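Trainee: I'm new to this one and could use a walk through it. Could we look at it together?
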Amino acid sequence: MEEKDVQRLLDMLYSMIDEAKSAAFSSDKCVISRDEALDLLDDIRAKLPLEIKKAQELVRAREEYVSSAKKEVEKMLRQAELDAKVIVSESETLQQARRKSSEIIRRAEERSKELYHVANTYTEDALRRTEEAIQAALDEVKESRVRFRATSNEQMQANQEKLRERRSASEQPQSDEDA
């Protein structure tokens, strides 16, 4: 649910910017509600630790899975050794036991490698996807921040320009009367 919440918040922020009124004389600048945008960014920031916690839980689950696989392999190896000891009564039986023991050990080692590989692949993929989602969210936040600052600076410059024009206009008639 949290994963969808972060995506939903990013979608809301994107929509807010996308649907914002264009700034005067600019097609790529817009005016957004600073408080709403900052609230969305705060919500996103609050959700990201949950994504990181999920990734840590995946790592823990992988470690438990690998530990369980090792225990299973050790159990199989012990059983193989016990089987080999029981079969050792005669030389022909001894050779047969050695072959069977080697085969069991080989299969156990293959199974261990396979389980380890599957666990690593799964965990690596889950962590990669989580990292990509977090990076995408962070990139979106950075882009929004840059756009916000640029829009804010433009608005401030436009307001200062209007004030200068008003000052010029109010000073203009006085200089005509002085002349």
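Trainee: Let's start with Glu 132: buried, partly exposed or exposed?

Mentor: Buried means under 20% relative accessible area and exposed over 50%, with partly exposed in between (1.4 Å probe, protein chains only). Glu 132 has a relative accessible area of 44%, so the label is partly exposed.

Trainee: Before we go on, what kind of model is this?

Mentor: Residues are numbered from 1 along each chain as its sequence is written, and side-chain values use heavy atoms, leaving out hydrogens and water. Local features need pLDDT of at least 70 and side-chain atom pairs count only at pLDDT 80 or more, while totals for chains, interfaces and linings use all residues, since the model is predicted.

Trainee: Which residue forms a salt bridge with Glu 132 at 3.0 Å?

Mentor: A salt bridge here is a side-chain nitrogen of Lys or Arg within 4 Å of a carboxyl oxygen of Asp or Glu. The partner lies in helix 3 along with Glu 132, four residues apart, about one turn of the helix. (Helices are DSSP runs of H or I, at least four residues, and strands are runs of E, at least two, numbered from the N terminus.) The closest N and O atoms are 3.0 Å apart, and the partner of Glu 132 is Arg 128.

Trainee: Which residues are linked with Arg 128 and Glu 132 in a network of salt bridges?

Mentor: Arg 128 is partly exposed, at 36% relative accessibility. Besides Arg 128 and Glu 132, the network takes in Asp 125 and Arg 129.

Trainee: Further along, how many Å, N to O, is the salt bridge of Arg 164 and Glu 161?

Mentor: Both residues lie in helix 3, three residues apart, about one turn of the helix. Arg 164 is partly exposed at 44%, and Glu 161 is partly exposed at 36%. Their side chains meet at 3.0 Å.

Trainee: What about Glu 140, buried or exposed?

Mentor: The side chain of Glu 140 meets that of Arg 147 in a salt bridge of 3.9 Å, N to O. Arg 147 is partly exposed, with a relative accessible area of 34%. Glu 140 has 19%, so this residue counts as buried.

Trainee: And how many salt bridges does a search of the whole structure find?

Mentor: We've met several already, including Glu 132 with Arg 128 and Glu 140 with Arg 147. The search of the whole structure comes to ten.

Trainee: Now the largest nonpolar core: which helix gives the most to this core?

Mentor: A nonpolar core is a set of buried Ala, Val, Leu, Ile, Met, Phe, Trp, Tyr and Cys residues joined through side-chain atoms within 4.5 Å. Of its 14 residues, Leu 10, Leu 13, Leu 40, Ile 44 and Ala 137 touch the most other members. Helix 1 (2-18) and helix 2 (34-87) are the elements that give two or more residues. With six residues, the top giver is helix 1.

Trainee: Which residues is Ile 44 in contact with, leaving aside neighbours within four places in sequence?

Mentor: Contact means heavy atoms within 4.5 Å. On that basis, Ile 44 has Leu 9, Leu 10 and Val 141.

Trainee: Last one: which backbone oxygen lies 2.9 Å from a polar atom of the side chain of Thr 130?

Mentor: Thr 130 is found in helix 3 (residues 91-178) and is buried, at 14% relative accessibility. Not counting residues up to four places away in sequence, Thr 130 touches Glu 51 and Ala 55. The backbone oxygen at 2.9 Å belongs to Ala 126.

How values were computed: A polar contact is a pair of N or O atoms within 3.5 Å; within protein, one must be able to donate a hydrogen and the other to accept it, and residues adjacent in sequence count only if both atoms are side-chain atoms.
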